[in-house]
Amino acid sequence: MPNHEFYEVDVPIHDTTNPGLRGLHVFTGEADSPTTALRRAHEVYAAALAAHKAGIESPGKQPDNWGASGLRPGWEMEWPAAKAGRWINPVSWTTSRGDFAL
């Protein structure tokens, strides 16, 4: 059985009517590699977008914890620029990051 860990996929987004407005859409879920994480993020986004276009409820979170919420009509995902890596809990006591305060 593969070793599944939590991964994060960060996908840059931009407003199609005002490309100067930019952001980041973050997906998280279980995967065995960054490649699998990126594929799953893309799959759940496509399913949520199809549901939105059909006027039905989003499929929600899948058993592997991947899901897409907070879709922004008029914003485009920049999938070629997406980055995937293991998720690091920013509030974990085992995380040593100096860029935030609790």
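Me: Strands here are DSSP runs (E) of at least two residues, and they are numbered from the N terminus. In this predicted model, the place of Glu-78 is in the loop between which two strands?

Reply: Let's walk along the chain: strand S3 covers 75-77, and strand S4 covers 83-86. Glu-78 sits in the loop between strand S3 and strand S4.

Me: Okay, is Glu-78 buried or exposed?

Reply: Buried means under 20% relative accessible area. Glu-78 has a relative accessible area of 16%, so the label is buried.

Me: Which residue's side chain makes a polar contact with the side chain of Glu-78?

Reply: Start with who touches Glu-78, leaving aside neighbours within four places in sequence: Val-11, Pro-12, Ile-13, His-14 and Arg-22. One of these also makes a polar contact, side chain to side chain, at 2.8 Å. That partner is Arg-22.

Me: Now zoom out. In what order do the elements of the protein chain run from the N terminus on?

Reply: The chain has one helix and four strands to place. Reading from the N terminus, the order is β-β-α-β-β.

Me: Over how many bridges do strands S1 and S2 pair?

Reply: Strand S1 takes in residues 5-15, and a hairpin joins it to S2 through six residues. Ile-13 shows one of the matches, with Gly-23 as its bridge partner in S2. The two strands pair in the antiparallel sense, and the count of bridges is 10.

Me: On to the rings. How are the rings of Phe-27 and Tyr-45 arranged as a pair?

Reply: A search of the whole structure turns up four aromatic pairs. In this one, the ring centres are 6.5 Å apart and the planes sit at 85 degrees. Angles over 60 count as edge-to-face, so the Phe-27 and Tyr-45 pair is edge-to-face.

Me: How many residues apart in sequence are the parts that this pair ties together?

Reply: Phe-27 belongs to strand S2 (residues 22-31), while Tyr-45 belongs to helix H1 (residues 34-54). Both residues are buried. The pair therefore ties a strand to a helix, with a sequence gap of 18 residues.

Me: Which residue forms one aromatic cluster with Phe-27 and Tyr-45?

Reply: We already have Phe-27 and Tyr-45 as a pair of rings. The cluster they form takes in one further name, Trp-79.

Me: And which residue lies over the face of Trp-75?

Reply: Here the partner is an arginine rather than a ring, and it is 5.1 Å from the ring centre. The residue over the face of Trp-75 is Arg-72.

Me: How far apart in space are Gly-67 and Glu-43, C-alpha to C-alpha?

Reply: Gly-67 is in the loop between H1 and S3. Leaving aside neighbours within four places in sequence, Gly-67 is in contact with Phe-27, Val-44, Gly-60 and Lys-61. Glu-43 is 24 residues away in sequence, and the distance in space is 8.9 Å.

Me: What is unusual-sounding about Asn-65: what sign does its phi have?

Reply: Asn-65 shares that loop setting, between H1 and S3, and counts as partly exposed at 24% relative accessibility. Asn-65 is not a glycine, yet its phi is about 75 degrees, and the sign is positive.

Me: Last one: what percentage of the residues of the protein chain count as buried?

Reply: The chain exposes about 6,800 Å², with carbon and sulfur atoms supplying 55% of that area. Counting by residue instead, there are 102 in the chain, and the buried share is 27%.

Key
Residues are numbered from 1 along each chain as its sequence is written. This is a predicted model: local features need pLDDT of at least 70, side-chain atom pairs count only at pLDDT 80 or more; totals for chains, interfaces and linings use all residues. Side-chain values use heavy atoms; hydrogens and water are left out. Rings of Phe, Tyr and Trp (its six-membered ring) pair if their centres lie within 6.5 Å; planes under 30 degrees apart count as stacked, over 60 as edge-to-face and the rest as tilted. Buried means under 20% relative accessible area, exposed over 50%, partly exposed in between (1.4 Å probe, protein chains only). A charge sits over a ring if NZ of Lys or CZ of Arg is within 6 Å of the ring centre and within 35 degrees of the ring normal. Two strands pair if DSSP finds at least two bridges between them. Accessible areas come from the Shrake-Rupley method with a 1.4 Å probe; for residues, only the protein chains shown count as cover. A polar contact is a pair of N or O atoms within 3.5 Å; within protein, one must be able to donate a hydrogen and the other to accept it, and residues adjacent in sequence count only if both atoms are side-chain atoms. Contact means heavy atoms within 4.5 Å.
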